[in-house]
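Subject: Structure handover

Hello,

Here is the structure I said I would pass on. My notes on it follow below the model.

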Amino acid sequence: MAFDYKKEYKEFYLPPKKPQIIEIPPMNFLAVHGQGNPNEEGGAYKKSIGLLYGVAYTIKMSKMGSHKMAGYFDYVVPPLEGFWWQEGKEGIDYTRKEDFQWISLIRLPEFVTEEEFQWALKEAEEKKKQDFSKVEFFTYDEGLCVQCMHIGPYDNEPETLEKMKDHAREQGYEPDFSQGRFHHEIYLSDVRRCKPENLKTVIRQPVLKSVQ
């Protein structure tokens, strides 16, 4: 059976609806950086998703071609993720979507090195006759976070975020949006096929231990 990150690492991808404190280890991703409203039709964010999946499936389907990656194992492509922030603001303001800075992400299997990533980028461009130069090999050490499962529309996330913040403070932690630490979402539902009230999104925010 294909290795499924969601099932094998439930603590990262299927958390409870009750907030929890968790330590996230370093991971490698495919990533595209951008800015602007993610809901804009034909906008940069939606284009980034196509770029990520184009390279992700080139890597997954490499088993069918002549290029063999050392350590390759069959796997389910992990879910789409996103880091979100707005310049000059701690956390995010959902009423100012046009001010979003973001990084769209898909987790890479452990066998994908930077060298193999470069091969996949070139292969995708040759086969799809498309420019994939915006896609990067991105390593991120997320560290200590508060996370939980959010059920419902994205615009209802502030209510969940308040519960996460309250839980973190009860446990002796404070938000930490210092340089390189972001609001993080993992999208477990296909927004094209799922009713807004049923959308499942893992939400993480960085924290640090409160100074007593």
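What should the 15 residues of helix 4 span at 1.5 Å a residue, and how far apart are its end C-alpha atoms? The expected span is 21 Å, and the end C-alpha atoms are 21 Å apart, which agrees. Please keep in mind here and below that this is a predicted model.

Helix 4
The buried residues of this helix are Glu116, Phe117, Ala120, Leu121, Glu123 and Ala124. They pack against strand 2, helix 3 and strand 5 (136-140). After helix 4 comes Lys129, which has a positive phi, near 50°.

Helix 3
The same check was run on helix 3 (residues 44-60). Its 17 residues should span 24 Å at 1.5 Å a residue, and its end C-alpha atoms are 24 Å apart, so the two values agree. Buried residues in helix 3 are Tyr45, Ser48, Leu51, Leu52, Gly54, Val55, Ala56, Thr58, Ile59 and Lys60. The elements that cover them include strand 2 (27-35), strand 3 (80-85), strand 4 (101-107), helix 4 (114-128) and strand 8 (183-187).

Nonpolar cores
The largest nonpolar core holds 37 residues. Leu30, Val55, Ile59 and Val135 have the most contacts inside it. At least two residues each come from strand 2, helix 3, strand 3, strand 4, helix 4, strand 6 (143-151), helix 5 (157-170) and strand 9 (200-209). Helix 3 gives the most to this core, namely six residues.

Val135 can be followed further. Apart from neighbours within four places in sequence, Val135 is in contact with Leu30, Ala31, Val32, Leu51, Leu52, Val55, Phe117 and Leu121. Among these partners, Leu51, Leu52 and Val55 are on the list of buried residues of helix 3, while Phe117 and Leu121 are on that of helix 4. There is also a second, separate core of 18 residues, with Tyr13, Phe29, Tyr140 and Ile186 among its members.

Cysteines
How many disulfides does the model have? The count is zero. For Cys145, the closest cysteine sulfur is that of Cys148, and at 12 Å it is too far for a bond; the cut-off is 2.5 Å. Cys194 is in no disulfide either, since its nearest cysteine sulfur, again in Cys148, is 17 Å away. As for accessibility, Cys145 is buried, with a relative accessible area of 1%. Cys194 is partly exposed, at 21%, where the limit for buried is under 20%.

Whole chain
The protein has five helices and nine strands. Read from the N terminus, the order of elements is α-α-β-β-α-β-β-α-β-β-α-β-β-β. For 212 residues, a compact globule would have a radius of gyration near 17 Å; the value for this protein is 18 Å, which agrees. Along the principal axes, the C-alpha atoms fill a box of roughly 55 × 35 × 35 Å.

Of the 212 residues, 47% count as buried. Taking contacts between residues at least 6 apart in sequence, 75% join residues at least 24 apart. The exposed area is about 11400 Å², and 50% of it is supplied by carbon and sulfur atoms.

Regards

Methods
Residues are numbered from 1 along each chain as its sequence is written. This is a predicted model: local features need pLDDT of at least 70, side-chain atom pairs count only at pLDDT 80 or more; totals for chains, interfaces and linings use all residues. Side-chain values use heavy atoms; hydrogens and water are left out. Buried means under 20% relative accessible area, exposed over 50%, partly exposed in between (1.4 Å probe, protein chains only). Helices (H or I, at least four residues) and strands (E, at least two) are DSSP runs, numbered from the N terminus. The expected span of a helix is 1.5 Å times one less than its number of residues. Contact means heavy atoms within 4.5 Å. The radius of gyration is taken over C-alpha atoms; the globule rule is 2.2 Å times the number of residues to the power 0.38. Accessible areas come from the Shrake-Rupley method with a 1.4 Å probe; for residues, only the protein chains shown count as cover. A nonpolar core is a set of buried Ala, Val, Leu, Ile, Met, Phe, Trp, Tyr and Cys residues joined through side-chain atoms within 4.5 Å.
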